[in-house]
Amino acid sequence: KVSKGIDGFLNSTFDIIRSGEAHKIASAFTFGREDLIPDMFTAIIKEYNTDNQLNKFVYYLERHIELDGGEHGPLALQLISDLCGNNETKWKEVQETAITSLVARKKLWDLVLKQL
């Protein structure tokens, strides 16, 4: 156990992994991670690099933004499309999993913010 809030996030993630259903795992990865990171990192750069003291960290973030926004994100969306095809049940489960992942991530970040 780490903490109640962190354990909740990890349990949510591992519940999806344990389902063994590729379309759900892809959904959690895509919408709970890949789709969020470029915007999140861009906001961090704008807010905290006002005096250019974080140049190496900014390079790291910009590289993630480039990969996630330009390559990983579109590939992840294509993967979901390929996994679901015309199966309406899988598309509904992708949507439900995305929501579950986003709610879990929000709770995690709310916990982090509360600790600051």
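How many salt bridges does the structure hold? The structure holds 4 of them, a salt bridge being a side-chain nitrogen of Lys or Arg within 4 Å of a carboxyl oxygen of Asp or Glu. Keep in mind that this is a predicted model, where local features need pLDDT of at least 70, side-chain atom pairs count only at pLDDT 80 or more, and totals for chains, interfaces and linings use all residues. Residues are numbered from 1 along each chain as its sequence is written, and side-chain values use heavy atoms, with hydrogens and water left out.

**View 1. The whole chain, built from helices.**
The chain has 5 helices and 0 strands (DSSP runs numbered from the N terminus: H or I of at least four residues for helices, E of at least two for strands). Following the sequence, you get the pattern α-α-α-α-α. Along the principal axes, the C-alpha atoms fill a box of roughly 50 × 35 × 15 Å. Of the 116 residues, 29% are buried (under 20% relative accessible area; exposed is over 50%, partly exposed in between; 1.4 Å probe, protein chains only).

**View 2. Helix α1 and its D15–R18 salt bridge.**
Here, D15 and R18 join their side chains in a salt bridge, at 2.8 Å from N to O. Both sit in α1 (residues 4–19), 3 residues apart, which is about one turn of the helix. An α-helix has 3.6 residues a turn, so residues three or four places apart point the same way. D15 is partly exposed at 45% relative accessible area, while R18 is exposed at 59%. The buried residues of α1 are D7, F9, S12, T13 and I16. From first C-alpha to last, the 16 residues of α1 reach 22 Å, close to the expected 22 Å (1.5 Å times one less than the number of residues).

**View 3. Just past α1.**
G20 follows α1 and has a positive phi, near 70°. Look along to E21, which pairs with K24 in a salt bridge whose closest N and O atoms are 3.0 Å apart. E21 is partly exposed, with a relative accessible area of 28%. Side chains of opposite charge can pair when their charged atoms come close.

**View 4. Helix α5 and its K92–E96 salt bridge.**
K92 and E96 form a salt bridge, with 2.9 Å between the closest N and O atoms. The two residues are 4 apart in α5 (residues 88–115), again about one turn of the helix. E96 is partly exposed, at 39%. With 28 residues, α5 spans 41 Å between its first and last C-alpha, close to the 40 Å expected. Its buried residues include V94, A98 and L108.

**View 5. A spot towards D110.**
Is D110 buried or partly exposed? D110 counts as partly exposed, at 37% relative accessibility, and its place is in helix α5. The C-alpha atoms of D110 and A22 are 28 Å apart, with their positions 88 residues apart along the chain.

**View 6. How α1 and α5 pack.**
Two packed helices are described by the angle between their axes and the distance between the axes. For α1 and α5, the angle is about 160° and the axes are 9 Å apart (axes are lines fitted to C-alpha atoms, for helices over the stretch in contact, and angles run from 0 to 180 degrees between N-to-C directions). That makes α1 roughly antiparallel to α5 (over 145 degrees; under 35 is roughly parallel, 65 to 115 roughly perpendicular, the rest oblique).
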